[in-house]
Amino acid sequence: HSVFANIPQGPEDPILGVTVAYNKDPSPIKLNLGVGAYRTEEGKPLVLDVVRRAEQIILNDRSRVKEYLPITGLPDFNKFSAKLIFGNDSPAIQENRIVTVQCLSGTGSLRVGAEFLARHYHERTIYIPQPTWGNHPKVFTIAGLSVKYYRYYDPTTRGLDFQGLLEDLRSAPSGAIVLLHACAHNPTGVDPTLEQWEQIRQLMRSRGLLPFFDSAYQGFASGNLDADAQSVRIFVADGGECFAAQSYAKNMGLYGERVGALSIVCKSTDVASRVESQLKLVIRPMYSNPPIHGASIVATILKDRNMFSEWTVELKAMADRIISMRQQLFDALRARGTPGDWSHIIKQIGMFTFTGLNTEQVKFMTKEYHIYMTSDGRISMAGLSSRTVPHLADAIHAAVT
Ligand code: PMP
């Protein structure tokens, strides 16, 4: 008799569970558009050439050892990660008032930031967009924050509910934390324009709201690393404080290496160093210190001018292939005369299209066409190829007619 005899079966994760179901399907035409991982035209996972090259360098360097990293991670990795998101010539970096710690990819960075806030910040409420990445409410709740939503997406326009967003942030309690997707909002693919970001910034600063940026797709939205960090940089440029969680899963294809960073922009060096001391106290009992391999790859690439530029070319190729998939899917639906306005497919940004298909239609496409996606109708454009676009277009056409 097990001491766990009464343990209930837990539900599958709503996003990763899609892949579990896909793996079980024996159909040769099955298509996985669930998880946000890049695939080539041939439907294969991609390891970037520049990553292979960095790994070779690391492997050949006999001076490298397997010692523990500091609690805060690899110093070079932290330094260059901050430059990547805040900009090479960011005054906040020069003024030494940003603390950056290496964490376990984007998720771990969000979690460490949330634990820090729950311990040291006076306001425990975090506002997250409606809808948002499914893991956000869980990460923040379990860290001890109280989650509320702000309006973000308008299903009638399939665009941003900007008025709703402003109203909800205006009525948030002073000091509340606000989670913002830095670019390529997941799952909607809808981002504010730069003018709208500027209005959001003014409103948040005037209400004393604390911005927490989640940057999981820098370079993936537009193909340009600087353009995709503009939202974050306008908030840092005003001298105010903010949080940023970075992930290298998508933009370097380092999904399984679990490499990311949490930065906290402070008002002064003195505050930053006290904040860092407390971050160490958060991290030490959680996982002691982060793993070395992924961070070494990233640091090797970021600090070498040639490798950095090689990376940007490969990154742009991934972003461009996704953009071209949007166009091909849109054209295929038009060619079939599929009823409805599908222009949001080419207007939305980043890895995902929020199709507008409902749960029933998604179920139908999985059952009849072996196409796997999350039940909210989100499809990963990175999982699509010229070869599979017609199959998806047939399925969508059948689902809506
Ligand atoms: N935030 C968002 C919005 C995401 O889409 C993801 C990845 N799906 C993450 C954070 C974190 O991913 P990871 O932990 O793999 O870096």
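In this predicted model, helix H5 (residues 105-120) supplies the largest share of the shell around the ligand, namely three residues. The full set of residues around the ligand is Gly36, Ser105, Gly106, Thr107, Trp133, His181, Asn186, Asp214, Ala216, Ser247, Ala249 and Gly260. By character, this shell divides into eight polar residues, three nonpolar ones and one that is charged.

Attention may now turn to helix H11 (residues 293-302), which is mostly covered, with nine of its 10 residues buried. The buried stretch is easily followed along the sequence: Gly294, Ala295, Ser296, Ile297, Val298, Ala299, Thr300, Ile301 and Leu302. The partners against which these buried residues of H11 pack are three helices, H2 (49-60), H3 (75-86) and H12 (305-336), together with strand S2 (98-103).

A further helix pair is worth a look. Helix H14 (residues 359-369) packs with helix H15 (residues 389-400) at an angle of about 130°, and their axes lie 9 Å apart. Angles over 145 degrees would count as roughly antiparallel and those from 65 to 115 as roughly perpendicular; H14 and H15 are therefore oblique to each other. The crossing in which H14 passes H15 is right-handed. On the H14 side, the contact is made by Gln361, Phe364, Met365, Glu368 and Tyr369, while H15 contributes His391, Ala395, Ala398, Ala399 and Val400. Seven of the residues in this contact of H14 with H15 are nonpolar, two are polar and one is charged. As a helpful reminder when viewing such helices, an α-helix has 3.6 residues a turn, so residues three or four places apart point the same way.

Terms used: Residues numbered from 1 in each chain as written. Predicted model: local features only at pLDDT ≥ 70, side-chain atom pairs only at ≥ 80, totals over all residues. Axes fitted to C-alpha atoms, helices over the stretch in contact; angles between N-to-C directions. Helix = DSSP H or I, 4+ residues; strand = E, 2+ residues; numbered from the N terminus. Parallel < 35°, antiparallel > 145°, perpendicular 65-115°, else oblique. Left-handed = near helix turned anticlockwise from the far one by under 90°. Contact = placed C-beta atoms within 7 Å. Nonpolar A, V, L, I, M, F, W, Y, C, P; charged D, E, K, R; others polar. Near = placed C-beta within 6 Å. Buried ≥ 20, exposed ≤ 12 C-beta atoms within 10 Å, placed from the backbone.
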